[in-house]
Structure formats: structure tokens, C-alpha cells
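Below is a short briefing on a two-chain model. It covers the interface, one helix pair and the nonpolar cores.

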Amino acid sequence: MADQLADEIIAKVKAHADPEVGEITLDTDLNALGIHSLELTEIIFDLEEAHGIEIEMNTVDAWNSLKNVGDMVEAVRTLIAKKA
Amino acid sequence: MARQRIVITGLGGICALGNDVASIWDSMKAGRSGIGELSAPHLEDKPRIAAQIKQLPAFDIDRRRLVAIDRFALLAVMTADEALRQAGVSATHMDPTRIGAVVGTGIFGAETADENYWALLVENKSRASVFTVPRIMPSAPAGQVSMVHGLRGPVFGVTSACASSNHAFAAAADQIRLGRADIMLAGGADAPLVFGVVRSWEALRALARDTCRPFSADRDGLVLGEGAGIMVLESYEHATARGATILAELAGAGMSADAGDIVAPTIEGPTTAMQACLADASLAVEDIDYLNAHGTGTKANDQIETAAIRRVFGKHADSLSVSSTKSMHAHCMGASGAIEAIACIMAIRDGIVPPTANYREKDPDCDLDVTPNVAKERKVRAAVSNAFAFGGTNAVVAFTGV
């Protein structure tokens, strides 16, 4: 099933990731992306803007416990759902 | 206890003249200028000149570091790498807490500043890049050098506009003499060839129209350049104990302030700094064979510097070989002193005084032997490098052969 949100987040991650990482899927470990921690913050800001959601500080802490791209997609999905 | 002697065991450099010390020195000896047409974003409205690095060399650096680093700090990291290799110094097989770095800058991460304002004010982006602060800060070159090369001793930036590198040499030598470190990297870096900085210098009406002609009667200003230079400093005892090749000695440093005008130089400030340097190095004026002038190519600097040199060196001023290598690498702002230190150290090592390029007409107010256009072979026992700056912050260093 096509998952638009997942595709969008993977595209954003890909733009920041080390080109040598290869294909990025929902199972890709965030640590394997070769992304600076501040870049993850950039991606989060982009997602906030794109979806009109707000990630609170305690949520940012929660981001630290995210392991892979799929976890990131689900976290954003939850925030979008809350907003709706 | 006698004061520790500080020696140089590694050198690194990058500027329009070349991507390493060997190629920079080859250009300097040949009197080849690196000044050409400037190519930079948002500066296409008219032709401009500058001394730009043609192409950055390939450099192996973690992508995660690269996104957080401005060009000026990257130049510092690259030249530190060259200097460390030559010195045979590595934080992985020495105590990293005993190795530090002092890196000067006269500007800041200018490219980042421009990109940031452009995004916010022109492209109406809703927020700045998260990397803006760590990329811009004037201490970034020092911090990045320490991170990339694993140095855990005293690490900080220094800034005194165009004298920053020479202040960095003095501050780094002090760290060793005060026992805070065994090895210090020291130098400077600047990458000012971007819209904001270039336009600001244009506003000062200090820029040359065709090229940089220091001490020539038809000189009409300075040319902006970019670059970095780093040297590895350690005590003579430390260097000999580990069997390092000693390139030269950092014999002394002298600092002063004009306490006058923010832009107009004085004769007294530079005079005091040169005298303090010679005293610090325990050198007589007759010991100096080569003086690398601040020599910006502006009317005011070159005339006042000539007067100050005459005041310090007296009769010996006429036996002195003087040159401004800014005629070739242009004014690399805070990196100037570091690139000019390469000229001094290599002059001592090879017995060749690099020339003042682009020289055309004698100026009675600049009547020293400025080594016009062609390098001169002569034994150089000791060399002095002048750096004066906006703010009247002067720093002069002396190098000797070992």
C-alpha cells in the first residue's frame, strides 16, 4: 500500500543522508544514515512546517528514543492524527 | 631558568597560490600572482578581482562534520592536516591533552552569514539553518581543527582583524612556555570572498582596480584573498627529543596597539611592535635579512610602514630585503600572517627572498629595497613578518634558522 507520509519522510531523510547509505526504507536505522544530530532537528522542523504540527520539547526527547525511519514516520503520523 | 625556545616542525598552507606549502612557495619564488577574476554568488553585476583558491583539494572528512563547517574552518582543518603530517605529530600516538591549537580569524564564517541572510530576507525562508551558529562563530576553525585532529589541549580562536595569525603565533608560543601544552598548532584562516564582505570592503574604497601593487607609486589599494596557514610549534627540547625535523625557530613576537583611529594607521604603533618583537627575540636590527611587510598596497599603509621600518632599522633599513607577498596571495585577512610566515620560513630555509610582484614605479615615500618582481638569492639568517590591522592592533613575529 502506498504510504504518502512515509514516502515524504524518506525523501526528506534521503536529502540529508550520506549518499553511500544506499536505499532507505522504514527499517533503516537512524544511526546508519550518517546524519548529524542537528540535521535530524532540521528534518523535524521541516515536518512541523509541512504538516502544521508542533513537536514539544518532551516530544523532542522522545525522538531520541526513535530507532529507525519507520519509528519517525509513526511519531509524525500520531501528531498529525492528534491535530485532526 | 632560560626561556624555552619555540621551534616550528610542521607547516601547512592553502591560498590562491597553491593548495600546499610547496606549491605556494613555488609561486612566491616565481613572483606569480594568484589574483584573477572573482567568481562568487550575487557578485555578477560587474567584474571584480580577488585571489581565490581555484579548487579545494580532495579531503577525507566525515560528512556529519562537513555539514557543520564553513569554508574558513575547512581551510584551517586542511592546512592543520598538512602541518601535522610534516611534523609527524598525531594525537593518536601522543598524549592528546598536551596538544592544542590557536587559530586566528579576522572575519568569521562569512559564507554562512550570507547564505543565512539570503535565505531569510531574499528567499523568505521561515527559519535559519540549524548549522548557522556553529558554522559562523570565529572560534569554529580552532574547534574544528581540534575535533578533526583529536587535539584535547588548550584550543581557542583569536581575532585582531588582519593581524590575527601573528597574535595566534604569540598566544600559542605562550601556551608552551607556560607549560600548558607540549605542542601547539597555530595560524589563521579566512574565506571572505562572498557578497557581504566584498561589498563592505568596496564601501571602504580600499580595493584595487586592476591588481595589488604594494610600494609601487601607482598602487591603488588592496585585493581580497582567501586562505589558511597553520604551523606546528613545540619547544626545541621537545622537538629534538622526539627526533623531529626543525624547520625554523619562532624567535619572538611583539605586539602593540595604535590606540588611535579604527582604520587610519600610525607610525608609532607598528614601530613599537617591531621593536618589541626584536627585543623579545633578542635580535639586533643588523641580524634581520628579510622583512615580509604588511604591504597591503594602499597608499596609507605602504608609506607609513616604510617610515616605521626606517625608524626601527635605522641605517640597516637599506641593507634589508623587504617584500610584500600580498602582491601575489592578496590580503587573506586573518590568514595573512600565517601565509606570510610560510614566505619567511622558506626564505630562511632556501636562501631566497620572495619578490613584491606587480611593481611598476618607484615611490620616493616607499624607498626600501622591496625586491621588485624578481626573487633575490641571499642568505636569510632571520626574518621579520609585520601584521597591522584595523583597530590599530599590531603584531610582529620573528623567525630564525636553527
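How many residues of chain A are in contact with chain B? Ten residues of chain A contact eight residues of chain B, contact meaning C-beta atoms, placed from the backbone, within 7 Å. This is a predicted model, in which local features need pLDDT of at least 70 and side-chain atom pairs count only at pLDDT 80 or more, while totals for chains, interfaces and linings use all residues. Residues are numbered from 1 along each chain as its sequence is written, with chains lettered from A and ligands numbered from 1 in the order in which they are written.

**Interface**
- The side of chain A that touches chain B has three nonpolar, three polar and four charged residues (nonpolar: Ala, Val, Leu, Ile, Met, Phe, Trp, Tyr, Cys and Pro; charged: Asp, Glu, Lys and Arg; polar: the others, Gly among them).

**Helix pair in chain B**
- Helices α1(B), residues 21–30, and α13(B), residues 336–350, pack at about 80° with axes 10 Å apart (helices are DSSP runs of H or I, at least four residues, numbered from the N terminus; axes are lines fitted to C-alpha atoms over the stretch in contact, and angles run from 0 to 180 degrees between N-to-C directions).
- The two helices are therefore roughly perpendicular (65 to 115 degrees).
- Val21(B), Ile24(B), Trp25(B) and Met28(B) of α1(B) meet Ile342(B), Ala343(B) and Met346(B) of α13(B).
- This contact has seven nonpolar, no polar and no charged residues.

**Nonpolar cores**
- The largest nonpolar core has 133 residues (buried Ala, Val, Leu, Ile, Met, Phe, Trp, Tyr and Cys joined through C-beta atoms within 7 Å; buried means 20 or more other C-beta atoms within 10 Å).
- Helix α3(B), residues 71–87, gives the most to this core, with eleven residues.
- Another core, apart from it, has 14 residues, including Ile35(A) and Val69(A).

Conventions
Parallel < 35°, antiparallel > 145°, perpendicular 65-115°, else oblique. Buried ≥ 20, exposed ≤ 12 C-beta atoms within 10 Å, placed from the backbone.
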